[in-house]
Amino acid sequence: MYEFRAAQRRRAEGQGARRLRCNMQNNTMYSRPSATGSADPVLYELKLGRAEDCCRACIAEPACRSWSMLVALRFCQLRRDEGQAGEPTLMAVSGQLVPA
């Protein structure tokens, strides 16, 4: 947790700040690639309280491009790709990073 807060502080002070926001899509969970041999797009899986927290974690991670969260399970995935919507999933929220 300390490393995450330290990274946030450095970004807030202008050292490598990413001016981004999340474009959220309700009832959407981004899917994993179906082709065999494709790289797994998931960077990290985290336990977070809200979709907004998952978005903030993605903004703080330089390699993150999109994220998905199963809200009821507090399950957040940070992804290295732009994300592709799979089947509609109730209680899921996904988003892509876009310029602020």
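These are my notes on the disulfides, salt bridges, core and a couple of contact lists in this structure.

**Entry 1: what I'm looking at.** The model is a predicted one, so I kept that in mind throughout.

**Entry 2: disulfides.** I started with the cysteines and got three disulfides. I took them one at a time.

Cys-22 pairs with Cys-55, with an S to S distance of 1.8 Å. Cys-22 sits in strand E1 (residues 20-30) and Cys-55 in helix H2, so this link ties together parts 33 residues apart in sequence. I looked up the torsion about the S-S bond of Cys-22 and Cys-55: it is about 100°, so this disulfide is right-handed. Cys-22 comes out buried at 13% relative accessible area, and Cys-55 is buried too, at 8%.

Next I checked Cys-54, which is joined to Cys-76 at 1.9 Å, S to S. Here helix H2 holds Cys-54 and strand E4 holds Cys-76, so the pair connects parts that are 22 residues apart in sequence. The torsion about the S-S bond of Cys-54 and Cys-76 is about 80°, so I logged another right-handed link. Both Cys-54 and Cys-76 are buried.

Then came Cys-58 and Cys-64, whose sulfur atoms lie 2.0 Å apart in a disulfide. The Cys-58 and Cys-64 link is left-handed, with -100° about the S-S bond. Cys-58 and Cys-64 are both buried.

With the bonded cysteines numbered in sequence order, I wrote the pairing down as 1-3, 2-6, 4-5.

**Entry 3: the core.** Which elements give two or more residues to the largest nonpolar core? First, the core itself: it has 15 residues, and those with the most contacts inside it are Cys-22, Cys-54, Cys-58, Trp-67, Met-69 and Leu-78. The elements I was after are helix H2 (51-60), strand E3 (66-70), strand E4 (75-79) and strand E5 (85-99). H2 supplies the largest share of this core, six residues.

I pulled the contact list for Met-69, leaving out neighbours within four places in sequence. Among its contacts are Met-29, Leu-48, Cys-54, Phe-75, Cys-76, Met-91 and Val-93. The list also includes Gly-49, Arg-50 and Arg-74.

**Entry 4: salt bridges.** How many salt bridges does the count come to? I got three.

Asp-53 takes part in a salt bridge with Arg-50 (3.4 Å, N to O). Asp-53 also bridges to Arg-56, at 3.1 Å, N to O. Asp-53 and Arg-56 are three residues apart in helix H2, so about one helical turn separates them. On accessibility, Asp-53 is partly exposed at 23%, Arg-50 is partly exposed at 43%, and Arg-56 is partly exposed at 42%.

The other entry in my list is Arg-79 with Asp-81, again a salt bridge, at 3.1 Å, N to O. Is Arg-79 buried or exposed? Arg-79 is buried, at 0% relative accessibility, whereas Asp-81 is partly exposed at 27%. As for networks, shared partners join Arg-50, Asp-53 and Arg-56 into one.

**Entry 5: Leu-43.** I finished with Leu-43, which belongs to strand E2 (residues 42-47). Ignoring neighbours within four places in sequence, Leu-43 contacts Glu-61, Ala-63, Cys-64, Leu-78, Arg-79 and Arg-80. So far as overlaps go, Cys-64 is the disulfide partner of Cys-58, and Arg-79 is the salt-bridge partner of Asp-81. I also noted the C-alpha to C-alpha distance from Leu-43 to Asp-81: 9.5 Å, with the two positions 38 residues apart in sequence terms.

Definitions and conventions:
Residues are numbered from 1 along each chain as its sequence is written. This is a predicted model: local features need pLDDT of at least 70, side-chain atom pairs count only at pLDDT 80 or more; totals for chains, interfaces and linings use all residues. Side-chain values use heavy atoms; hydrogens and water are left out. Helices (H or I, at least four residues) and strands (E, at least two) are DSSP runs, numbered from the N terminus. Contact means heavy atoms within 4.5 Å. A nonpolar core is a set of buried Ala, Val, Leu, Ile, Met, Phe, Trp, Tyr and Cys residues joined through side-chain atoms within 4.5 Å. Buried means under 20% relative accessible area, exposed over 50%, partly exposed in between (1.4 Å probe, protein chains only). A salt bridge is a side-chain nitrogen of Lys or Arg within 4 Å of a carboxyl oxygen of Asp or Glu. A disulfide is a pair of cysteine sulfur atoms within 2.5 Å.
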